[in-house]
Amino acid sequence: MDPSAGLQALSGVGVVLGAVLAAGFLLLQAWIVAAIARRVLGVPVGWPRSILVGLAMSTVLSWAVQYLWVAADIGDATGLNASPVVAVMFGLLALLWIFALGVAVLMVLEIAVPTGTVPSPLALFTGWKTRRQRTGRYLQVMRIAVRHGLLAQVRGLDRRHRPAAEHATARELRAALEEAGVTFVKLGQMLSTRHDLLPAPFIRELSRLQTNAQPEPWPSTLAAIESSLGRPAGEAFAALEEEPLASASVAQVHRAVLHGGERVVVKVQRPSAVAQVTRDAGIILQLAGWLERSAPWARQLGVARLAEGFVDSLHEELDYLVEAENMRAVQRSLSGYEITVPDLHEQWCSRRLLVMDELRGTPVGNAAEALGALGPDARAGLGSGLLRATLHQIASDGVFHADLHPGNILLLDSGTLALLDFGSVGRLDPLSQQALGLLLLAIDKNDNQLATDALLDLLDRPADFDARGFERSLGQLMVRYRNGFAGRGGSELFTSLFALVIQHGFTVPQQIAAAFRALAALEGTLALIDPALDVVQAAREEGRRIAGAAIGPGGWKEALETRALHLLPALSTLPRRVSKITEDLEEGRLSVNVRVLAHAADRGFLNRLVQQVVVAILAGAATLGAIVLIATETGPFLTDNIRTHAFFGYLLLFMGFILALRAVVLVFQRDRYDASDPDRRAGG
C-alpha cells in the first residue's frame, strides 16, 4: 500500500472527525446559550427556536469579535497590539451583546408567533399527511365562507344593520353550513337553540338545517356492524335488513330480528364519522380562535368557549355508550307515565352500535292523519301527559330529554307516545330543580315576585340588572298568558319567557338553557298533538303538584332531615367555638383578620404588575446610567479612542437592554406561557 495514500486517508478521517467535533461543540454551545436565553426571558420559549437562535449567535460571535477589535483600535485579527486583558474584556462585551441580540430575536419570535402555535419539528416530519389534509379542508371551508360573503360579516367589516341585510346573511350562513358538511350542520343546529346569542332571523334559518344523508353502501355498513359486535352479524341476528330505516350524516338505522324472535332496530355509526368529525372539530376550534382574535363581538360572546363545548358534546354524541346511559336515565325518570323509551339489548351494544326494541309508529311531525283519527280527549290526554312528564323530569327528577322536536317523538300504533334519539339529555342539580319548581308554582299563584326570585336563583345576574323593570315585565307576561291566551297562544309561554330573560341580559348556564330549549321545542310538538292544549293551565297544575309534594308532611320531614344533616357538623363544634370566643373577649385577645388579596388570581395579578413595574424601572435606570457613562469625556483610556467609563457604560447598557426585553415579554405574556405545561415547553 502506498504510504502517501494512507496518510491522505488518515488526513481525511481527521478532517471529518474534526468537523464532527466542531459541530458537536457548536451544538453544545448553542444549547447552553439557548438555555440561558430562556431563563433570561422568563418564559418557556420552545427549544427548537431557542437552539436555532443559539446556533446563529455562536456562528456570528467570532466575526463580531473581530469586527469590534478593529472598531476599538485594539488591533487586527492576526496581531493584537493591545494587552490581553483588554482583548478579553472587549471579547466578553461582544459576547454579551451578541447574546442580547439573540434574546431580542427570541422575544420578537415569541410575540409574533408564540410557542405552541406552530407544529414542532417532529410533527412537521411525522404528521405531514394529516396536516396536509387538514389544511386542504380548512382552505375548502374558507372558500365556502368567501363564496357566501361571510368573512366581511364575521369580522364586523360590513356595517349594514338593515333587517333585509340581516336576513340575507342568515340565509347565506345556513347555505354555507349545509355546503361545509355534517359537522358544520350540527354546529348550526346547536346555534339554532341559542336564543341568547343569535338574533331571531338566524335562529329561524338555522332551525331549517337537516342532517339527512345518502345511505352508506351495505358492505361497509355490515363491516362496521360486525366490527362493533366482534363477531359475524349472523351470530347476533336471525335477520338484518340491508335497506336502512333511516339514514343521517353520522349513523343509520336498520331493522333486525334477534334469534329469540325479538324485533329490534340497529343504530350503527358510519365508518368515516369519527375521522370526519375529529378533522372538522379541529377546524371549528381554529376558526373560533381566529374569530376571537379578529372580531370584538366574538370575544364578547366567548366563541372559543362555545366551540369547545360544542366539540365536547359532539364527541359524547359519537359515543353510543353515553347515549345508552342517557336512555336508561330517561327511562327511570318516566316511570309512572305512559311514555315509552325503547329497551336496550345491552349485550350487543358498544361505542359505535346500539341495539334496541323496535317501536312501531309514526313521528309526530308526520302523524297528522293518525292524530286526526284520535278523538279530542285522546289528543288532550297525550299532550297534557307529555307536558307533565317533561315538567316532572325537569323540576323533580333532574334528568330530561333535551331535544323534544316532533321528529324525536313517536306516535305508536297503540295510541301512546314514545321518545327517540337520546344523544342530547340534560341534567339539573337539586337547587336548579327547586328553582324551576318555584317558577311553576309562581305561575300558578300569579306571583311575579316569586317568579323573579326563582329566575335569579337559576340564572347569572347581569352587571347592570334592573330588578324592578324585570319584575314588571315578568308580571305583564304572566298576566298576558294567564288571562288572555289559553289556547294556542298559551303554548308559547316558555318561548316568551326565555326571550324575556335574554332581553334583560341574563347569562343562561348551559344546562338551564337546555331545559328552556326542551320546553320551547316541546311547545311546537304540543301544537301538533293538541292545538287546543292549555299549556299555562297544565304548568300551573304541575307546579301545584310539585309544591304540594314539597310542603306536605313527607316533604317537610325530608327537608328537615336534610337541613339537620347539614347542621350537625356545625352544631357539634358550636359550644367549643362559643367558649373560645367568650374567653378571647374576656382576656382581650379577640382579633379579626382580613385578607385583601385572598384569591390566588388577585395575588397573581398584583405580583405580575409589581414585577413589570420593577423590571421597567430597573431597565430605565440602567439605560440612563449607561448613557451618562458613555457620554462622559473624563477618565482613563482603554484604547486610543475608548475610555474606561464608556466600556462600563456599554456593559450597563447591555443590562438595561436585557431588562427591557424581559419587561416587554412580561407585557405580552399570556396564560399560554404556563411553565407547568410540558406541551408549551416542547413546542416550536
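User: Buried means under 20% relative accessible area, exposed over 50%, and partly exposed in between (1.4 Å probe, protein chains only); which of these classes describes R589?

Analyst: This is a predicted model, in which local features need pLDDT of at least 70 and side-chain atom pairs count only at pLDDT 80 or more, while totals for chains, interfaces and linings use all residues. Residues are numbered from 1 along each chain as its sequence is written, and side-chain values use heavy atoms, with hydrogens and water left out. The relative accessibility of R589 is 45%, so R589 lies between the two limits and is classed as partly exposed.

User: Which residues are linked with R589 in a network of salt bridges?

Analyst: A salt bridge requires a side-chain nitrogen of Lys or Arg within 4 Å of a carboxyl oxygen of Asp or Glu, and R589 meets E583 in this way at 3.6 Å, N to O. E583 is itself partly exposed, at 38% relative accessibility. The network joins R589 to K580, E583, D584 and E587.

User: How many residues apart are the salt-bridge partners D319 and R351?

Analyst: The closest N and O atoms of D319 and R351 are 3.1 Å apart. The pair links distant parts of the chain, with D319 in the loop between α14 (303-317) and α15 (320-333) and R351 in the loop between β5 (339-340) and β6 (353-357), where helices (H or I, at least four residues) and strands (E, at least two) are DSSP runs numbered from the N terminus. D319 is buried at 12%, whereas R351 is partly exposed at 44%. Their separation along the chain is 32 residues.
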